[in-house]
Amino acid sequence: QVSSFSLTLDIAPEDISDPAVASLVSTVNQSLLWTGIAAVVLGTLLVSIISRRLLAPVTNLSEVAQHLGEGDFTRRAPPEGSGELRQLAVAFNSMATNLEDVERQRRNLVADVAHELRTPVSNIQGYLEALKDGLLQPDDGTIDTIHGQVIHLGHLVEDLRLLAQAEAGALTLHLIPGQMPDVLRVCVDALRPRAGAKGINVTLDADESMLLVDMDGTRISQVVNNLLENAIIHTPEGGTVSVRVGASSDGMIRVAVADTGIGIPSDDLDRVFDRFFRSDPSRNRATGGVGLGLTIAKRLVEAHGGSIHVENVVPNGARFVFEIPVSAVSE
């Protein structure tokens, strides 16, 4: 019966002699037509709505990515959609936050470099203008002052170059197995006259039979010199700077440089290795340098596969500690 009914639906109304049956067939055909049209419209509408909801997170992510590419690092994508799309939005926002931090650090670095370069350049310019106008005579004292500013400027530029190489991973190290006490002894002996002029006693405690370490002697010397310079600067007259080296149980050679100075505020312990950071922003270069020595020391130690940190010494003073892995030759 169903097949016969379906057959009648395929017959045009004008081919049926019974008016009632013809009217029924016409009505059914119209209903089927409108039902089909309604189904198509409803299906299209549902597909459009579902597609919009599914693609909305992707659209938002694409819009935020476009703003990010144009330099607007403040935009974030709302974490919407399914689990995968939500995770993608969270990861994208994390990337955007990191890029914003990098951009802020870049701007701060440019401002800091400009500030540090401006002082010696302005001093040199002032002296040269005074010489040109006849306000100063080109005597030995004036020439020495200008020469000192040029040397300071050259050191700053060299420090920036070294720091840029270290942070970019382009710094070439000439690693040779050697004894850490030998490097420390040379550095301490070189700075003893300066420390003695300030009434500071410098001591070295090292085991001569210590294991070898793979190191670039020049770079490690630079690390030790920066730590010693920092210690001497912040140690008052009559104080002590001690250098101690030993082997740890985890296969590391540990070097500690401690002083009896004023110590470091607790809030600044995590920032002492930042570029151009000074615990006291008001202090000048004679008491604090330009704030690159500790940053360079950290990068050089990390380039050797080691680590460095700082800790306060009770009741006063600070201790900088860095560790470098023992050479495979010693194992």
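**Helix α8 and its surroundings**

Let me begin with what covers the buried residues of α8, a set of elements that includes α4, α6 (residues 217-233), β6 (307-312) and β7 (318-325). I should say at once that this is a predicted model, and that everything I describe is computed from it. The buried residues themselves, in α8, are Leu294, Thr295, Ile296, Ala297, Leu300 and Val301. For orientation, the protein chain has 331 residues, of which 31% count as buried, and its secondary structure comes to eight helices and seven strands. Among contacts between residues at least 6 apart in sequence, 66% join residues that are at least 24 apart.

Let me take the two helix neighbours in turn, starting with α6. The axes of α6 and α8 come within 9 Å and cross at roughly 145 degrees, and the crossing is a left-handed one. On the α6 side the residues are Arg219, Gln222, Val223, Asn226, Leu227 and Asn230, and these meet Gly293, Leu294, Ile296, Ala297, Leu300 and Val301 of α8. Sorted by class, this contact between α6 and α8 holds seven nonpolar residues, four polar ones and one charged. As background for reading such a list, an α-helix has 3.6 residues a turn, so residues three or four places apart point the same way. If you look back at the buried set, Leu294, Ile296, Ala297, Leu300 and Val301 are among the buried residues of α8, and each of these five is also named in the contact with α6.

The other helix neighbour is α4, which spans residues 140-167, and its axis comes within 10 Å of that of α8 (residues 293-303), with a crossing angle of roughly 35 degrees. Here too the crossing is left-handed. From α4 the contact draws on Asp159, Leu162, Leu163, Ala166 and Glu167, while α8 supplies Thr295, Ile296 and Arg299. In terms of class, four residues in the contact of α4 with α8 are nonpolar, one is polar and three are charged. Ile296 of α8 therefore deserves a second look, since it appears in the contact with α4 and also in the contact with α6, and it is one of the buried residues of α8. Just after α8, Gly305 takes a positive phi of about 80 degrees.Now let me turn to the open space, and to a pocket in which α8 takes part. The second largest pocket holds about 310 Å³ of space, and it is lined by 15 residues, of which Gln105, Asn108, Asp112, Asp274 and Arg275 lie nearest its centre. The elements that give two or more residues to this lining are α3 and α8, and α3 gives the most, with five residues. By class, the lining of the second largest pocket has four nonpolar, three polar and eight charged residues.

Finally, there is the enclosed space, where the count comes to one cavity of 30 Å³ or more. The largest cavity has a volume of about 30 Å³, and its lining is made up of Pro57, Val58, Leu61, Pro78, Glu80, Leu85, Leu88 and Ala89. Here the elements that give two or more residues are α2 (19-69) and α3 (83-132). Seven of the residues lining the largest cavity are nonpolar, none is polar and one is charged.

Methods: Residues numbered from 1 in each chain as written. Predicted model: local features only at pLDDT ≥ 70, side-chain atom pairs only at ≥ 80, totals over all residues. Heavy atoms only, no water. Axes fitted to C-alpha atoms, helices over the stretch in contact; angles between N-to-C directions. Helix = DSSP H or I, 4+ residues; strand = E, 2+ residues; numbered from the N terminus. Left-handed = near helix turned anticlockwise from the far one by under 90°. Contact = heavy atoms within 4.5 Å. Nonpolar A, V, L, I, M, F, W, Y, C, P; charged D, E, K, R; others polar. 1 Å grid on protein atoms, 1.4 Å probe; cavity = no way out; pocket = protein on both sides within 12 Å on 5 of 7 lines; lining within 4 Å. Points joined across faces, edges and corners; volume = space filled by probe spheres on them. Buried < 20%, exposed > 50% of the residue type's maximum accessible area, 1.4 Å probe, protein only.
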